[in-house]
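This report introduces a protein chain to a reader who has not met it before. The sequence and the structure are shown first.

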Amino acid sequence: MVVAKDWGWTMQSIAPQELHNTIRDYVATLKRQSVAGILSTYLIFDPTETDPLEASSFGVPFYVGQGDIVHRAKDHLCGRSGVLTRRRIQTIYERGQHPRFLVVAHTRSRLTSLKSEMDWVCHLHGLGYALTNGWREHKRATPLQATPAKRVWQFSVKDALLDAVKVKVQCKVCGCRQPVCLEDLPDIDVRHTHLNQVRRTFRCPRCSSHRCLRIEVPRVQEPSAPDLRQVLAANFQGMQALNSPEPRDQHQRRRSPMSRRGDAVTTCLVESPAAAASASR
Ligand SMILES: [Zn+2]
């Protein structure tokens, strides 16, 4: 059955049965609005709470994430998040609602995407929002200059190559130091092999020791300068109408198109199926 294949056991375990169809429709809408091959920085909003800063009319942002928006949203909606985020989403379900997603930036590389995520986390912290993000670098008041290596080890070889991540041998046993050309590694499927796997299997060319690889993460300057109020203001009417848990004025409701600023930054509203349905009535 398609539902079981799509959602697995976690959806059944954390969302009340009556919300399943709504959530499935929501993800379908999200899929239609997503752009293939592009990474998204997104915020998750709790529509059951009023935004104390009154920046948004459809709830309080409580999480910043990045990646393929459809896959990530499915993960979150099915309970595959960190403990705090999962608890928050479960509470939203128990109140008869589901979380709302807002894409605030589009990027093409993993490093840029992680930088964008980090910048948005710091921005929302600065505004006073309490976030459920768990990474240590997401607890900081100011963004780090470079993405922590532990996150970059999770990259696929392809992503590492695209982001010009440097890999080198730095062997503690024999002192060997030399660069590693990822493209020349034998039997590597660049899309599906991750740097962590390379690290586990690679052996020092001189003494055959394990765990001899290091990486050098390039700095990303590109994203930053996020501004929640600006993003919200730019899309105010559409966002208010489409992501409001209980839309008030149907005449003001209209579809918010995906807008593109340059090539790297895009905002995109994820429409609530319930709001869309009532808008079309
Ligand atoms: Zn060695």
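The sections below go from the whole chain to its strands, helices and cores.

## Overview

The model described here is predicted. The chain contains eleven helices and eight strands. Of its 281 residues, 38% are buried.

Contacts can also be sorted by distance along the sequence. Among the contacts in the chain with a separation of 6 or more, 73% join residues that are 24 or more positions apart.

## Strand β1 and its partners

Strand β1 spans residues 39-46. Eight of the eight residues of β1 are buried, so this strand is largely enclosed by the rest of the structure. The burial applies to both faces: Leu-39, Thr-41, Leu-43 and Phe-45 are buried on one side, and Ser-40, Tyr-42, Ile-44 and Asp-46 are buried on the other.

Strand β1 has an antiparallel pairing with β3, made over seven bridges. In this pairing, Ser-40 stands opposite His-106 of β3. Strand β1 also pairs with β2, again in the antiparallel sense and over seven bridges. Here Thr-41 has Gln-66 of β2 as its bridge partner.

## The sheet of β5, β4 and β6

An open sheet is formed by three strands in the order β5-β4-β6, with antiparallel pairing. The edge strands, β5 (177-180) and β6 (213-216), each pair on one side only. From one strand to the next, the twist averages 30°.

Strand β4 covers residues 166-170 and is joined to β5 by four bridges in the antiparallel sense. Two residue pairs illustrate this contact: Val-167 stands opposite Val-180, and Gln-170 has Arg-177 as its bridge partner. The hairpin of β4 and β5 has six residues between the strands, and Gly-175 in this hairpin takes a positive phi near 80°. Strands β4 and β6 also run antiparallel and are joined by four bridges; Lys-168 stands opposite Arg-214 in β6.

## Helix α5

Helix α5 consists of 18 residues, numbered 110-127. From its first C-alpha to its last, α5 reaches 26 Å, close to the 26 Å expected at 1.5 Å a residue. The helix is mostly covered, with 14 of its 18 residues buried. Gly-128 follows α5 and has a positive phi, near 100°.

## Nonpolar cores

The largest nonpolar core holds 40 residues, of which Tyr-42, Phe-101 and Val-104 touch the most other members. Several helices and strands each supply at least two residues of this core, including α2 (20-33), β1, β2 (60-67), β3 (100-107) and α9 (228-234). Helix α5 provides the largest share, seven residues.

Another core lies apart from this one and has eight residues, among them Phe-155, Val-157, Val-167 and Val-217. Val-167 thus appears in two descriptions: as a member of this core and as the residue opposite Val-180 in β5.

## The loop between α3 and α4

Gly-79 is located in the loop between α3 (69-77) and α4 (83-94). Is this residue, Gly-79, buried or exposed? Gly-79 counts as buried because it has 21 C-beta neighbours inside 10 Å, and the cut-off for a buried residue is 20 or more.

Gly-79 also illustrates a pair separated along the chain. Gly-79 and Ile-14 are 65 residues apart in sequence, while their C-alpha atoms are 6.4 Å apart in space.

How values were computed: Residues numbered from 1 in each chain as written. Predicted model: local features only at pLDDT ≥ 70, side-chain atom pairs only at ≥ 80, totals over all residues. Pairing = 2+ DSSP bridges. Axes fitted to C-alpha atoms, helices over the stretch in contact; angles between N-to-C directions. Buried ≥ 20, exposed ≤ 12 C-beta atoms within 10 Å, placed from the backbone. Contact = placed C-beta atoms within 7 Å. Expected span 1.5 Å × (residues − 1). Core = buried A, V, L, I, M, F, W, Y, C linked by C-beta atoms within 7 Å.
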